[in-house]
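Visitor: I'd like to learn how to read helix packing and buried residues in a model. Could you walk me through some cases?

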There are 2 protein chains.
Amino acid sequence: MDKRIEVTDVILRDAHQSLMATRMALEDMLPACEDLDRAGYWSLECWGGATFDSCIRFLNEDPWERLRTFKRALPNTPTQMLLRGQNILGYRHYEDEVVDRFVDRAAKNGMDVFRVFDALNDPRNLERSIAAVKRTGKHAQGTICYTVSPVHTVAKFVELALTLKDMGCDSICIKDMAALIKPQPAYDIVKGIKETCGKDTVVHVHAHSTTGVTLVSLMKAIEAGADIVDTSISSMSLGPGHNPTESLVEMLEGTGFTTRLDLEPIYRVRDHFAEIRKRYAEFLTDYTGVETEIFKSQIPGGMLSNMESQLKQQGQGDRMKEVLEEVPRVRKAAGYPPLVTPSSQIVGTQAVLNVMMGRYKVMTGEFSDLMLGYYGSTDGPKDPEVVALAEEKSKKEVITGRPADLIPPEWDRLVAEASALEGYNGTEEDVLTYAMFPQVAPKFFANRHQGPLNLGKDPAFTRGLKADPMSPAFLSGPIEYKVTLDGKTKKVMVAPA
Amino acid sequence: MDKRIEVTDVILRDAHQSLMATRMALEDMLPACEDLDRAGYWSLECWGGATFDSCIRFLNEDPWERLRTFKRALPNTPTQMLLRGQNILGYRHYEDEVVDRFVDRAAKNGMDVFRVFDALNDPRNLERSIAAVKRTGKHAQGTICYTVSPVHTVAKFVELALTLKDMGCDSICIKDMAALIKPQPAYDIVKGIKETCGKDTVVHVHAHSTTGVTLVSLMKAIEAGADIVDTSISSMSLGPGHNPTESLVEMLEGTGFTTRLDLEPIYRVRDHFAEIRKRYAEFLTDYTGVETEIFKSQIPGGMLSNMESQLKQQGQGDRMKEVLEEVPRVRKAAGYPPLVTPSSQIVGTQAVLNVMMGRYKVMTGEFSDLMLGYYGSTDGPKDPEVVALAEEKSKKEVITGRPADLIPPEWDRLVAEASALEGYNGTEEDVLTYAMFPQVAPKFFANRHQGPLNLGKDPAFTRGLKADPMSPAFLSGPIEYKVTLDGKTKKVMVAPA
């Protein structure tokens, strides 16, 4: 009797976030939902910070309505979201009541599985949201952000898993957002969790495919006892995305493991998104091949392009090599945070400043907050000299407690501010939307009545856009045409103006 | 102490054959050779039937000169070629003397490793060329073409491996040209070979990446004892190509296996071909994602597009579904040949004819030859009714002996015919070129003095070609041009009417 391996498909959330800048409109996903719902998934990830942000920033779409619509369209399959712990879906810590209310509203609007993570792997940033999920009766999944550093041993990850389990998490996720997890560590961590937390501990592995090795890592994780894995259907897979669902299903044949997925509806979903994908060509990631240098640099692709553009803005585009060498030093000084939003941006920006202005001559507020504990604790020790500099420059003190404990009650203020906005619809959901994205929400509320935008374009048009009709390729030299006007034919030479 | 896993890179042969229609010019590969040569490969595959054909058909390049040039450019790494057994590099069986002379000349011109395969896995089609390689003192690698059918059990493949070993092969290759080999069969076959043929039997695994599962299969093959694997550097990998070399190197970390590859020069080669690849955009395969339906249909991508174009030529493009259902029946009737050149074309064409004209109403000469044993024996039994029909239609008889035994001596005739051609240079190599491709060689000999062609194009130009400048996308708004007419230059605005 084969062991059943369950699968979460990320095609409705992380796939288009990773491959097409989170721009996919709900209406382009709905036609696939009936087939997705019958394919036999453990869950379908369909909501998270970036999709929420994109809904109100680019798509004029109410993210809560998106959630309710998914729930109706997927009656037989649990919905799943990614929650940034105490950051909820935003970029700062929120006071506990906001966390509680957000989780409650998400559950009420149809969310079934909450994958809760913290960029620093600080359990104190997870405990409130996990407790909130437990109260709703929904599935609370505690998350380990996978990273590589001298302090991130197998034992360290297993210890975090045990903490999460003790908090009451229904399952443990190993989240490899940068495709860094190699087969052997994948095996060892899953094995360690099963041995330490009990073999009935449900282990779920999330991996991106950037480096090309992580389908092998999923295989080894499964051999070590992993119960659930994340994939994405092939037409929305690979590159900075995820491993293809179909390949996962097929690779298990004869191994003693099997999924309960039906490939018939999955192939229809594949064909649907293969067409939809073409409509978003202008947002598609440039490179869908394999990139392994991240194993050496530890720098995710998104962080790399951020730093490049920061350097270029300062006319110092030629100093990238110095910045690449500075990043590991800054990361070490900061106690080896995993490089994921927001720590990747914080570390990257400081590395750029160090190269341009001299080491720690200028320090961003975010970096000094990171050094002083305002994002939480890190797994590695921080450089005391840099901590002292951060205190001096920011006039703030080191904290060792849970960052959210410093935040005064804020719900009433958020309600008052949201209520004053044009187009506010009077719901707690709108207050939460405002709370998450206070800069973006006002415009969205005001324009919501105009209805959702679809940024997809006819592929023929998009192809034209990408090729740039004004590029020299099309007008590389004068071209001679025959032109007939009023019955007379003449030769004319045409060249770019 | 980790076990050393050796690697063959196929970037100079199978990679561009699989990804860009074999069009890459030697001059675009040479700048990478110094780095390839120092990276630490077991061998570099750089020659084969399709590259030989492409050299004389498209590139006006002498394939023997290509081989000699590679040998000079790769002084520290064995060169490797793919030899179609008794077919040598052509599409028919050759008389033994031609086989002997070809192998001898290839070895003299610089070939070190001969991977010898037969489309039907008939060892009698391999033995002469393997003996010829052994006489030159070079490395003879006997090949198992991997396929899936009711008769292709692990035991069957292991039995073939033993036969090849007994023939004196220096190593055994499992060749998975259609990316069909899943992790468990990969493990089982390698294990079986090691157990049956002896654990010192060198096993080399070649797999394409089309289905997305075969890097996992390489991992399991390595766990089972495989000694050498084929990969291709990332910028020339994936899709219908091969698994990325860098990913193979990285995935082994900590597993007890390790390569001796140095990634520094490999990254330089990657960057080189990332640029070169853009120059061949018009030949690039359309789809570089994952395709798993081949597990169900057993039909490789190239065969699929052949059949589609055959149907369309007959105005019956809507009957593809019937053809797809017919292919497995035809394959079964023919005794389950692996679907690889030329059997894939023979089976595919017959399936198309069966659908269009009625089952076996019309039979190609090639299909009746296949049914009657003129290509060799198949692993499965043939349908006796279809064999009888083939005899009746072709007026030929079933043969059970080695097909090449029926071929009268042909070397003197080949010399005489080649000698009569304009531009023949008097070498045995030219006779062999003519023998392989008698239709193409005459034009090549006549034009050879004009020197090699490079079909690569400036990427800006190619992008323009692909995007179709006449599409409405480029004329979506008014564009300003300078127009010169009768010596006077004016600026004009042009917009779609």
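Guide: Gladly! Let's begin with two helices of chain A: α3(A) and α4(A) are oblique to each other, because their axes cross at roughly 120°. Keep in mind that this is a predicted model.

Visitor: What is used to describe two packed helices?

Guide: The general idea is that two packed helices are described by the angle between their axes and the distance between the axes. Here, helix α3 (residues 49-57) of chain A and helix α4 (residues 63-73) of chain A have axes that come within 9 Å.

Visitor: Which residues of α3(A) and α4(A) make the contact?

Guide: From α3(A) come T51(A), F52(A), C55(A) and I56(A), while α4(A) supplies P63(A), W64(A) and R66(A). Sorted by class, this contact has five nonpolar, one polar and one charged residues.

Visitor: Let's try chain B. At what angle do α7(B) and α8(B) cross?

Guide: Helix α7 (residues 154-166) of chain B and helix α8 (residues 183-197) of chain B cross at roughly 45°, with axes that come within 9 Å. That angle is why α7(B) counts as oblique to α8(B). The crossing of this pair is right-handed.

Visitor: And which residues meet there?

Guide: On the α7(B) side they are V154(B), F157(B), V158(B), A161(B), L162(B) and K165(B). Facing them in α8(B) are D188(B), I189(B), G192(B), I193(B), T196(B) and C197(B). By class, the contact has eight nonpolar, two polar and two charged residues. As for the spacing along a helix, an α-helix has 3.6 residues a turn, so residues three or four places apart point the same way.

Visitor: Now for cores. Which residues touch the most other members of the largest nonpolar core?

Guide: In general, nonpolar side chains tend to be buried together in soluble globular proteins. In this model the largest nonpolar core has 213 residues, and F102(A) and F102(B) touch the most other members. Beyond its neighbours within four places in sequence, F102(A) is in contact with W47(A), F52(A), W64(A), M81(A), L83(A), I88(A), L89(A), L432(A) and M436(A). A second, separate core of 31 residues includes V330(A), M356(A), F367(A) and Y374(A).

Visitor: Is K220(B) buried or exposed?

Guide: The cut-off for buried is under 20% relative accessible area. K220(B) has 9% relative accessibility, so K220(B) counts as buried. This residue lies in helix α9 (residues 214-223) of chain B. Outside its neighbours within four places in sequence, K220(B) is in contact with K220(A), E223(A), P183(B) and Y187(B).

Visitor: How many residues of α3(B) are buried?

Guide: Eight of its nine residues, so helix α3 (residues 49-57) of chain B is mostly covered. Among them are G49(B), F52(B), D53(B) and I56(B).

Conventions:
Residues are numbered from 1 along each chain as its sequence is written. Chains are lettered from A and ligands numbered from 1 in the order in which they are written. This is a predicted model: local features need pLDDT of at least 70, side-chain atom pairs count only at pLDDT 80 or more; totals for chains, interfaces and linings use all residues. Side-chain values use heavy atoms; hydrogens and water are left out. Axes are lines fitted to C-alpha atoms, for helices over the stretch in contact, and angles run from 0 to 180 degrees between N-to-C directions. Helices (H or I, at least four residues) and strands (E, at least two) are DSSP runs, numbered from the N terminus. Angles under 35 degrees count as roughly parallel, over 145 as roughly antiparallel, 65 to 115 as roughly perpendicular and the rest as oblique. A crossing is left-handed if the near helix is turned anticlockwise from the far one by less than a right angle, and right-handed if clockwise. Contact means heavy atoms within 4.5 Å. Ala, Val, Leu, Ile, Met, Phe, Trp, Tyr, Cys and Pro count as nonpolar, Asp, Glu, Lys and Arg as charged, and the others, Gly among them, as polar. A nonpolar core is a set of buried Ala, Val, Leu, Ile, Met, Phe, Trp, Tyr and Cys residues joined through side-chain atoms within 4.5 Å. Buried means under 20% relative accessible area, exposed over 50%, partly exposed in between (1.4 Å probe, protein chains only).
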